[in-house]
Amino acid sequence: MSGFSPEQLIDFTYLVAAVLFVLSLKWLSSPKTAGHGVLAGEIGAALAVGATLFNPELVEYKWIVIALIVGAGVGIPLGMVHMTAVPQRTALSHAFGALSATMIGIAEYYVQAPNVSKFGMTEIGLEVIIGSLTFTGSVIAAGKLQEILPQRPITYRGQNVVSLSVLATALILALILVMHPEYTHLFPVMVGVALIFGVLLVTPIGGADMPTVISLLNSYAGLSAALLGFVLNSKILVVAGALDGSSGFILSVIMCKAMNRSFANVMFGAFGKVQASAKAAGEEKTVRSANAEEAAAILASANKVVIVPGYGMAVAQAQHKVRELFDALTKRGIDVKFGIHPVAGRMPGHMNVLLAEADIPYDRLIDMDDVNSDLPQTDVALVIGANDVTNPAARTDASSPIFGMPIIDVDKARTVMVIKRGMSPGFAGIDNPLYYLNQTLMLFGDAKAFVGDIVRELAGTSHT
Amino acid sequence: MPSDFISNLFVFILAGFVGFEVIKRVSPLLHTPLMSLTNALDAIVVVAAIIIAGKQQTTLSTVLGVIAVAASFSNMVGGFLITDRMLRMFKTGKSKKS
């Protein structure tokens with residue numbers, strides 16, 4: 001051991017932690033091994049934090065200990081939130097991550113300033129700009145998800161020009177600081193402008209686009225941590241940041257594909273504000289509706305049922321009633337599956353977590369692509385609180401704003417039942433031709449109450 | 001260009017590739033726990049924050065470092081906690097009690 005300095009031993013521990021982080025994500029590939037994944041991550045993090053406390057550069061521990069206690073005090077309640085609140089919790093944790101990276105970047109700048117090398121300033125400038133905009137952007141996203149801020153996109157004329165000019169200003173200020181490190185008074189201005197850009201970036205984005213935005217902010221948070229690793233020459237930060245950044249990036253791409261949209265369209269398109277005119281043109285169309293008794297009878301006579309849940313189900317807190325329905329149908333020997341669209345819910349994978357929380361076995365939760373190959377052989381497709389992701393206009397109507405978006409083909413099932421409060425269009429404000437098809441039955445009412453009624457009807461007829 | 005930059009870039013690019021290959025294989029079922037887990041891993045920024053907070057270079061750097069320690073450590077604790085809670089909810093039909 002005598003050959004190693006304390007710094008080298010700490011670095012060696014960091015290397016072990018980095019390997020554990022990679023293993024942690026590898027084991028997350030399947031629910032069977034995912035538990036080991038969390039454990040590997042926890043051990044890696046504990047080793048890294050523990051080793052850091054032995055860093056000989058540390059002279060004062062009091063404030064570190066207080067900060068760790070405060071952090072744990074904030075983190076534990078945030079780790080205990082209800083599953084419906086996970087998207088806003090996640091947005092908030094992107095904000096905390098970005099805040100932390102930004103604070104360190106700023107501290108590092110003022111320790112060095114004004115003797116910052118051109119190269120060092122480039123790194124710090126980029127790191128602080130990305131960190132700052134991720135911080136405010138994530139706070140706004142969390143506010144929208146918590147419904148403190150309006151979920152509807154907030155837009156005005158010339159918005160994109162204004163937003164991009166603000167970003168350009170921040171970058172120009174960084175460039176000036178690279179050229180003239182002595183203009184230290186510009187640094188806080190640059191931070192302020194980047195903070196404003198984060199607000200402008202997320203404010204115009206609507207609630208339905210949140211899965212993409214949250215993934216993109218995840219990617220930025222990772223990038224800011226990796227850049228901080230460059231600034232401080234810390235490999236463990238580079239590794240963790242690269243892993244987090246690539247994860248956010250992959251999820252953003254998946255979300256964009258699931259909505260058939262580009263990044264630029266999500267960020268600058270302000271989806272879901274118009275389309276009122278498209279609806280007015282349609283003639284009076286008729287829908288068929290059914291009550292709980294009829295719905296229960298149809299479900300009871302089916303062999304294969306696919307349930308397609310959307311965020312409306314979570315809003316109505318109906319997932320536990322849906323579990324009862326699942327149990328009642330399964331008991332009768334009916335094959336029940338759940339068809340999960342990638343953007344169902346408010347963040348990637350959200351719907352799976354909500355259903356898993358309600359004790360629905362995960363092998364019944366089926367991806368969009370797999371469930372679509374099942375739907376032509378399905379007797380009943382039951383749509384609960386989902387709208388746009390079942391809209392057949394995405395396949396057939398080239399003039400529809402969602403044309404080309406991959407959907408769950410519920411219209412291919414023999415019978416479609418849709419639980420819905422009324423005929424109002426979905427989040428994107430687009431009319432859904434599914435409701436006017438011959439095989440479609442509308443079940444009007446609150447999702448939780450209606451599913452409860454169906455379960456009661458099924459129980460009542462089970463002995464006859 | 002400092003030589004540190006090149007070695008950091010090496011690490012960044014390779015870690016990015018590993019991340020891409022590993023995360024690509026994560027089932028869509030677990031995308032929410034994936035995000036909370038990567039969040040917790042990203043909170044390793046706390047090690048840099050601890051050093052800034054404990055070095056006592058300037059008052060400003062100490063204050064910023066202390067804020068950073070609290071913010072990132074709350075992510076680390078909360079991120080692992082919620083990931084663990086979520087994963088415990090994922091059960092197969094057979095392992096269910098009923």
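Start with both chains of this predicted model on screen, and colour them separately. Where they meet, 81 residues of chain B are in contact with 96 residues of chain A.

Now stay on chain B and select its helices one by one. On the side that touches chain A, the elements that give two or more residues are α1 (3-24), α2 (31-42), α3 (46-55) and α4 (59-89) of chain B. Which of these deserves a closer look? Try α4(B): with 27 residues, α4(B) makes up the largest share of that side.

Before leaving chain B, colour this touching side by residue class. You'll find 49 nonpolar residues there, along with 24 polar and eight charged ones.

Next, hop over to chain A and select residues 335-340, which form strand β2. Is this strand enclosed or open? Five of its six residues are buried, so β2(A) is largely enclosed by the rest of the structure.

Keep β2(A) selected and add its partners. One is strand β1, residues 304-309 of chain A, which pairs with β2(A) in the parallel sense over four bridges. To see one pairing up close, pick Lys304(A): its bridge partner in β2(A) is Asp335(A).

The other stop is strand β3, residues 365-367 of chain A, which runs parallel to β2(A) and is joined to it by three bridges. Here, click on Gly339(A) and look for its bridge partner in β3(A), Ile366(A).

How does the chain get from β2(A) to β3(A)? Follow the backbone through helix α15, residues 350-357 of chain A. This β-α-β crossover is right-handed.

How values were computed. Residues are numbered from 1 along each chain as its sequence is written. Chains are lettered from A and ligands numbered from 1 in the order in which they are written. This is a predicted model: local features need pLDDT of at least 70, side-chain atom pairs count only at pLDDT 80 or more; totals for chains, interfaces and linings use all residues. Two residues are in contact if their C-beta atoms, placed from the backbone, lie within 7 Å. Ala, Val, Leu, Ile, Met, Phe, Trp, Tyr, Cys and Pro count as nonpolar, Asp, Glu, Lys and Arg as charged, and the others, Gly among them, as polar. A residue is buried if 20 or more other C-beta atoms lie within 10 Å of its own, exposed if 12 or fewer, and partly exposed in between; C-beta atoms are placed from the backbone. Two strands pair if DSSP finds at least two bridges between them. A crossover is right-handed if, with the strands pointing away from the viewer, the path from the first strand over the helix to the second runs clockwise.
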